[in-house]
Amino acid sequence: MQREFAAFHAPVPALLALTRDDQLLWNDILDLKPLAHLAYGRTLLLGDAGHATTPNMGQGAGMAVEDAAVLAQCLAETTDLPAAFRRFEQRRLPRTTRIVRTSWQLGRVGQLENPLVVMLRNTVMRYLPAAVSRSQMAWLYETV
Ligand SMILES: Cc1cc2nc3c(=O)[nH]c(=O)nc-3n(C[C@H](O)[C@H](O)[C@H](O)COP(=O)(O)OP(=O)(O)OC[C@H]3O[C@@H](n4cnc5c(N)ncnc54)[C@H](O)[C@@H]3O)c2cc1C
């Protein structure tokens with residue numbers, strides 16, 4: 001950690017130097033392969049239960065909040081619970097699946113180890129115009 005963050009600004013290197021090994025937390029990252037369904041009759045999976053994702057896009061909590069908003073709308077449209085849950089699944093599954101898949105792919109690219117490929121990735125990322133990366137992610141900011 002001290003080696004990786006040596007060039008960071010203060011107080012990052014100093015904090016790492018003061019951190020003992022027994023103070024470090026190691027938690028594995030767990031995600032779910034995209035599920036075919038979120039609605040199962042009167043049972044609905046939402047938030048991480050339905051689409052736990054890798055952290056590469058920082059979207060786990062965002063999706064959970066979106067789920068809550070869409071669920072409220074679906075429940076306002078009908079008193080038929082399974083129908084509301086099916087509607088929720090219809091509205092949410094394409095977006096949550098896309099985010100889970102994209103996040104997983106970004107993670108793979110981010111964790112490449114072959115030095116040549118890493119150099120190529122870093123160069124491409126450095127010179128990629130901001131407008132291109134913004135337009136690639138525009139769908140993320142569309143309303144749900
Ligand atoms: C280190 C870290 C950083 C993250 N950073 C981001 C970020 O920057 N942006 C982002 O969008 N997301 C981030 N996330 C992901 C985000 O925290 C989760 O996607 C989000 O909390 C999922 O919300 P949830 O309500 O589905 O589940 P949770 O927040 O896990 O809530 C589930 C709740 O259910 C409770 N529970 C479990 N079992 C039972 C039971 N049997 N009975 C009663 N209660 C129970 C749990 O105690 C918990 O309170 C991060 C996650 C981690 C771990």
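**Ligand shell and helices in a predicted model**

Me: What makes up the shell around the ligand, by class?
Reply: In this predicted model, the shell has five polar residues, two nonpolar and one charged. Its members are Gly47, Asp48, Gly58, Gln59, Gly60, Ala61, Gly62 and Ala64. Glycine is counted as polar, alanine as nonpolar and aspartate as charged.

Me: Which helix gives the most to the shell around the ligand?
Reply: Helix 3, spanning residues 60–77, gives the most, with four residues.

Me: How do you know that alanine 61 makes a polar contact with the ligand?
Reply: A backbone N or O atom of alanine 61 is 2.9 Å from a ligand oxygen. The cut-off for a pair of N or O atoms is 3.5 Å, so this pair qualifies as a polar contact. Polar backbone atoms of glycine 58 and glycine 60 also face ligand oxygen atoms, at 3.0 Å and 3.3 Å respectively. On its own the ligand has 990 Å² of accessible area, of which the protein covers 23%.

Me: Why is the span of helix 4 called close to the expected one?
Reply: Helix 4 (residues 81–110) has 30 residues, and its first and last C-alpha atoms are 41 Å apart. The expected span is 1.5 Å times one less than the number of residues, which gives 44 Å here, so the two values are close.

Me: Where in helix 4 does a kink lie?
Reply: The kink, of about 40°, lies at arginine 92, shortly before proline 94. That angle is taken between axes fitted to the seven residues ending there and the seven starting there.

Me: What makes asparagine 114 a cap of helix 5?
Reply: A side-chain oxygen of asparagine 114 lies 2.9 Å from the backbone nitrogen of leucine 116, at the N-terminal end of the helix. Helix 5 covers residues 115–127 and reaches 18 Å, close to the 18 Å expected for 13 residues.

Me: Why is the peptide bond from alanine 10 to proline 11 called cis or trans?
Reply: The bond is cis, as its omega is near 5°. Proline 11 is in the segment before helix 1 (12–18). Most peptide bonds are trans.

Key
Residues numbered from 1 in each chain as written. Predicted model: local features only at pLDDT ≥ 70, side-chain atom pairs only at ≥ 80, totals over all residues. Heavy atoms only, no water. Helix = DSSP H or I, 4+ residues; strand = E, 2+ residues; numbered from the N terminus. Near = heavy atom within 4 Å. Polar contact = N/O pair within 3.5 Å; in protein donor to acceptor, adjacent residues only side chain to side chain. Areas by Shrake-Rupley, 256 points an atom, 1.4 Å probe, with all protein chains shown as cover.
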